[in-house]
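Dear colleague,

I am handing over the structure we spoke about, and would be glad if you could open it beside this message. My notes on it come after the structure itself.

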Amino acid sequence: MILSCQNISKTFIDNQVLQNISFHIEDYEKAAIVGVNGAGKTTLLRIIVGQMQADEGLVTFAKDKTFGYLAQNDAVDTSCTIYEELLSVKQGLVELEKQIRDAEEAMHHTEGSALEALMKRYSDLTHAFEMGDGYSYRSELIGVLKGLGFSEEEFNKSVSTLSGGQRTRVALGKLLLQKPDLIILDEPTNHLDLNSITWLETYLLNYKGAVLIVSHDRFFLDRIATKVVEIDQSKATTFAGNYSDYAVKKEQLRIAALNAYLNQQREIKHQEEVIEKLRSFNREKSIKRAESRVKALDKVERLEKPTEQRTDMRLTLTPYRTSGNDVLNVENLSKSFGSQKLFENVNFEIKRGEHVAIIGDNGTGKTTLLKILNEVHTADSGKFTLGTNVEIGYYDQDHHVLHEAKTLFEEISDDYPYLTNTEIRNVLAAFLFTGDDVFKLIKDLSGGERGRVSLAKLMLSEANFLILDEPTNHLDIMSKEILEDAINGYEGTVLYVSHDRYFINKTATRILDLTSGQFVNYIGNYDYYLEKKDTQMAALGLSDTSATNNVFATGAGTKATAPSETKLDWKAQKEEQARQRKKENDLKKCEDKISQLEERLSEIDAEMSDPANGTQVLKLQELAKEQEEFNSQLEKLYEEWEILAE
């Protein structure tokens, strides 16, 4: 066991966030902490790492074990470059490397016993360097940087010029390179694109240590977690398995707990009715019996009502009127910022009722495309056309559509003046803003709270074409599920950008992958995209890092504009045929060599068995030497043949 939490409790004024939280983490275990926003997950992590004091309870780490903690917005040294900041983790190896070079230089000018002592020191230094993976730490550092989405051109970029999300990625890279016995991560996927999230999943799965994660990324938790610790109503329950296993077991327990609660409530109500009836008789014996029942009822340990299934938000999306069948047509759209070309000559169309997800690496232009469609940005060239009766509802991940100086009440009332005060309060209450919350200023809200206000306005818009930019950011898992249900029940059209693979899998009917300045089309959800990605990219002559001319595969069977899929298929087929011919030639050559060696070895056996050579010692020695050499060559050829023949 590497970590033990026993009866951890924490209260802020009159709000008990954590109550008798107990769980443990074993060596090499991958565990997740889940719960709604405000459940106390981050508070628990801060108590575990010693940044906050618990009111009660004990946190125990195994002796001689190390941990590393990454908060949601961890700070890094802004005076360094990205590469230097990560290299600081390996400062011990950097210093060892310098000492080794100095020792090598000194050996040229040292003699006698001093040289022997220096050589001994040199041997010790190189051994320590080797034991610390000194010969691979720089390549490991570069691998982590690239895995987290930094290109080599960005390595020498000053940390001070980075966004908050990029700095968090730098902090994550530093933590991974430290290789503690326990990695503790709070929302590590928030600022990563899909490729980086996939890389992090693989890294953590293969990590030779324990991992404790707080995350709302259900796809990520499904791949990583082997244990789930849920915090609900200030208490913790531990579930074996990944997120999907937890969700099934949680629902079973919720139903059982709800039934037990309802049964107890019925029994309590029955006892209260009996007591009231006994008292109404107004007799000494009946009153005593009533008092006896009251005492018995007071001793009953009341069950808490379990959390209702997905009742924290009420979101219904309903189009005011039906649009035409053609919702959006984009023609030859291009956009660059200075010398950075995002996309060029993009062509696609969206039909009524489609739910289209745009995916791709950070910085490829996904959000820019949505802003062009909402006329926040203008395209460099090309145009887009909205269909008949199309009304857009826009959800901006930065919530620029909200007004910082307004209160929540004013934000709704100014945009929807026909709503009464009561109706406005009811709408805000549906998104968890009650009482004096409605008079909070927008500028004082958290990211999650701003997201809920934007969703409230989206619901009121009655639009028939929703354009959403990262709609699940800052939402907890329960709220994401509510949004998923709302979108799946929505009769209008949806175009959205998201890195939430679980959300995409649940809601998308089509995926546009923005890669190398181009869009690649997949008619299906995220599972379908994963299944077809390699085939589709190969057919279009693309790879994840290739940069070729624009190719766009539209929906509804429309072919790419240039070059044609047929030409690309033919080219790929020719290349594959050439590879296959080379492989067959190599295999044939290997077989010929084997045949020649086997034939010669047979001849040697025959010569060594010939009685005429029985007394020729030198010849027999030469034959034996030749036999040994050919057997060694043959063994290597057999290995080569097995590889080629696979």
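What follows goes from the chain as a whole to one helix and two loop residues.

Please keep in mind throughout that this is a predicted model. The chain has 646 residues, of which 44% count as buried, and its secondary structure comprises 19 helices and 18 strands. As to overall form, the radius of gyration is 34 Å, whereas a compact globule of 646 residues would have one near 26 Å. The C-alpha trace spans about 130 × 70 × 60 Å along its principal axes. Among the contacts with a separation of 6 or more, 68% join residues 24 or more positions apart.

The surface and the charges can be put briefly. About 33,800 Å² of the chain is exposed, and carbon and sulfur atoms supply 48% of that area. There are 77 positive and 105 negative charges, and the mean positions of the two sets lie 6 Å apart.

Helix H1, which covers residues 41-48, is mostly covered, with 6 of its 8 residues buried. Those buried residues are Lys41, Thr43, Leu44, Leu45, Ile47 and Ile48. After H1 comes Gly50, which has a positive phi, near 90°.

Lys41 also appears in the surroundings of His216, a residue in the loop between strand S7 (210-214) and helix H8 (218-224). His216 has a relative accessible area of 8% and therefore counts as buried, the cut-off being under 20%. Leaving aside neighbours within four places in sequence, His216 is in contact with Gly35, Asn37, Lys41 and Glu187, and also with Leu475, Asp476, Ile477 and Lys480. With one of these, Leu475, there is a polar link as well, since the His216 side chain reaches the backbone oxygen of Leu475 at 3.4 Å.

The second loop residue is Thr364, placed between strand S12 (355-360) and helix H11 (366-373). Its relative accessibility is 17%, so Thr364 too is classed as buried under the 20% cut-off. The side chain of Thr364 reaches the backbone oxygen of Asp361 at 2.8 Å. If residues up to four places away in sequence are not counted, Thr364 touches Leu342, Phe343 and Leu514.

With best regards

Notes. Residues are numbered from 1 along each chain as its sequence is written. This is a predicted model: local features need pLDDT of at least 70, side-chain atom pairs count only at pLDDT 80 or more; totals for chains, interfaces and linings use all residues. Side-chain values use heavy atoms; hydrogens and water are left out. Helices (H or I, at least four residues) and strands (E, at least two) are DSSP runs, numbered from the N terminus. The radius of gyration is taken over C-alpha atoms; the globule rule is 2.2 Å times the number of residues to the power 0.38. Buried means under 20% relative accessible area, exposed over 50%, partly exposed in between (1.4 Å probe, protein chains only). Contact means heavy atoms within 4.5 Å. Accessible areas come from the Shrake-Rupley method with a 1.4 Å probe; for residues, only the protein chains shown count as cover. Lys and Arg count as positive and Asp and Glu as negative; His and the chain ends are not counted. The place of a charge is taken as NZ of Lys, CZ of Arg, CG of Asp or CD of Glu. A polar contact is a pair of N or O atoms within 3.5 Å; within protein, one must be able to donate a hydrogen and the other to accept it, and residues adjacent in sequence count only if both atoms are side-chain atoms.
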